[in-house]
Amino acid sequence: MAARGLWITFEGGDGSGKTTQAELLRAHLEGRGHRVVRTREPGGTDVGRTIRELVLHHRGDIGPRAEALLFAADRSHHVASLVTPALERGEVVIQDRYLDSSVAYQGAARSLGPDEVRRLSLWATEGALPDVTVLLDIEPAAARERLDADDKPFDRLEAEKAEFHARVRDGYLALADAEPERFLVLDAVRPVDEIAAAIRARVTDRLSS
Ligand code: TYD
C-alpha cells in the first residue's frame, strides 16, 4: 500500500493569521516537490460552500445545535470526498480549521459541551484526526484589532462579543493541553517568519518520520 500523506490543520481565533501561515507552508512544501491540497472548513467542497453561506451569513436565528450540525455536515462531506482521497494518494493536505474549531466555538463558547461536540464530529468523519494541528494563539483583543484593520464585514461568529472569543481561546488551549502530540501551539503575535519557521520544523520532522 502507498504511504498515507500528511494532514495538517490550522486553528485559532478569528484574526490569528491562519491563512497567511497555511499559504506560506503550502509554498514551502510545493517548492520541495510535495503535492499539496489546500482546503478549508467550512466550504472546502461544492456542497460545503452552500453550507458555509448558510451558517456564516444567514440573517435569521440558527440555534446552537443546528449550527453545530451544519458545521459537522460540511465536515463529513469534506473529509469523505476530498481529504481522505488526497491522503490516500499520498498528498499533503493543508487545511484551515477542522473539528477543533467546533469544539472551541460550539462546544466551549456556545456552551454545547466540548466532549459532545467532539463526538458529533468524530461520528461525522468516522474518527478522522489530523497528524499535525497548528494552534495560533492570540488574545481576542489583539485579534479584533487585526480584523478591524482588515475592514471586512463580520460573519455570524466574528460578530460575537469579547467574552465569546475569550471562551473560544480557552477552549483551544484546553484542547492543546489534552493532545500535546498533535498540537503545536504558537504565539500568533510573533513575527510571521518566526512562526513559519517553527511550523516548517514540525512538519519536516513529521514528513521524515
Ligand atoms: P473562517 O473561514 O476561518 O473565517 P474567514 O476566512 O472569513 O476569516 O471561519 C469562519 C467562522 O466559522 C469562524 O468565525 C469560526 C467559525 N467556525 C465554527 O464556529 N465552527 C466550526 O466548526 C468551524 C469550522 C468554523
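**Figure 1. Ser111 sits in the loop between helix 4 and helix 5 (114–124).** The view comes from a predicted model. Phi of Ser111 is near 65°. That is a positive value in a residue other than glycine. Is Ser111 buried or exposed? Ser111 counts as exposed, because its relative accessibility is 56% and the cut-off for exposed is over 50%. Pro64 is shown alongside: Ser111 and Pro64 are 47 residues apart in sequence, yet their C-alpha atoms are 8.7 Å apart in space.

**Figure 2. Pro64 belongs to helix 3 and meets residues on either side of Ser111 in the chain numbering.** Beyond residues up to four places away in sequence, Pro64 touches Arg110 and Leu112. Pro64 is partly exposed, with a relative accessible area of 37%. Its C-alpha lies 8.7 Å from that of Ser111.

**Figure 3. Arg75 is a buried arginine in helix 3 (residues 64–88).** Its relative accessible area is 2%. The cut-off for buried is under 20%, so Arg75 qualifies. Which residues does Arg75 touch, not counting those up to four places away in sequence? They are Glu41, Tyr98, Leu99, Ser102, Ser121 and Thr125. Of these contacts, Glu41 takes part in the cis peptide bond of the next view.

**Figure 4. A cis peptide bond joins Glu41 and Pro42.** Omega is about -10°. Pro42 lies in the loop that runs between strand 2 (36–40) and helix 2 (46–57). Glu41 is also touched by Arg75, a residue of helix 3.

**Figure 5. Arg97 occupies the loop between strand 3 and helix 4 (99–109).** Arg97 has a positive phi of about 70°, although it is not a glycine. Is Arg97 buried or exposed? Arg97 is buried, with a relative accessible area of 13%. Phe10 is in contact with Arg97. The contacts of Phe10 also include Gln95 and Asp96.

**Figure 6. Phe10 is a well-connected member of the largest nonpolar core.** This core has 20 residues. Which of them touch the most other members? They are Ile8, Phe10, Leu25, Ile94, Val134 and Ile199. Six elements are drawn for this core. Strand 1 (6–12), helix 1 (18–31), strand 3 (92–96), strand 4 (132–137), strand 5 (183–187) and helix 8 (192–208) each give two or more residues to it. Phe10 has contacts outside its neighbours within four places in sequence, among them Leu25, Ile94, Val134 and Ile199. Lys18, Gln21 and Ala22 are also in contact with Phe10. Apart from this core lies another, of 18 residues. Its members include Leu56, Phe71, Tyr105 and Leu175.

**Figure 7. Phe183 is a buried residue of strand 5.** Its relative accessible area is 4%. Not counting residues up to four places away in sequence, Phe183 touches Asp100, Thr133, Leu135, Leu175, Ala176 and Arg202. Leu175 is among the residues of the 18-residue core. How far apart are Phe183 and Gly48 in space, C-alpha to C-alpha? The distance is 26 Å, with the two positions 135 residues apart in sequence numbering.

**Figure 8. Glu145 is placed in helix 6 (residues 140–150).** Glu145 counts as exposed, at 60% relative accessibility. Gly15 is shown with it. Glu145 and Gly15 are 130 residues apart in sequence. Their C-alpha atoms are 8.3 Å apart.

**Figure 9. The chain as a whole has eight helices and five strands.** From the N terminus on, the elements run β-α-β-α-α-β-α-α-β-α-α-β-α. The radius of gyration is 16 Å, close to the 17 Å that the globule rule gives for 209 residues, so the chain is as compact as a globular protein of that length. The C-alpha atoms fill a box of roughly 45 × 35 × 30 Å along the principal axes. Buried residues make up 46% of the 209. Among contacts between residues at least 6 apart in sequence, 76% join residues at least 24 apart. The chain exposes about 10500 Å², and carbon and sulfur atoms supply 52% of that area. The chain carries 29 positive and 36 negative charges, and their mean positions are 2 Å apart.

How values were computed: Residues are numbered from 1 along each chain as its sequence is written. This is a predicted model: local features need pLDDT of at least 70, side-chain atom pairs count only at pLDDT 80 or more; totals for chains, interfaces and linings use all residues. Side-chain values use heavy atoms; hydrogens and water are left out. A nonpolar core is a set of buried Ala, Val, Leu, Ile, Met, Phe, Trp, Tyr and Cys residues joined through side-chain atoms within 4.5 Å. Buried means under 20% relative accessible area, exposed over 50%, partly exposed in between (1.4 Å probe, protein chains only). Helices (H or I, at least four residues) and strands (E, at least two) are DSSP runs, numbered from the N terminus. Contact means heavy atoms within 4.5 Å. The radius of gyration is taken over C-alpha atoms; the globule rule is 2.2 Å times the number of residues to the power 0.38. Accessible areas come from the Shrake-Rupley method with a 1.4 Å probe; for residues, only the protein chains shown count as cover. Lys and Arg count as positive and Asp and Glu as negative; His and the chain ends are not counted. The place of a charge is taken as NZ of Lys, CZ of Arg, CG of Asp or CD of Glu.
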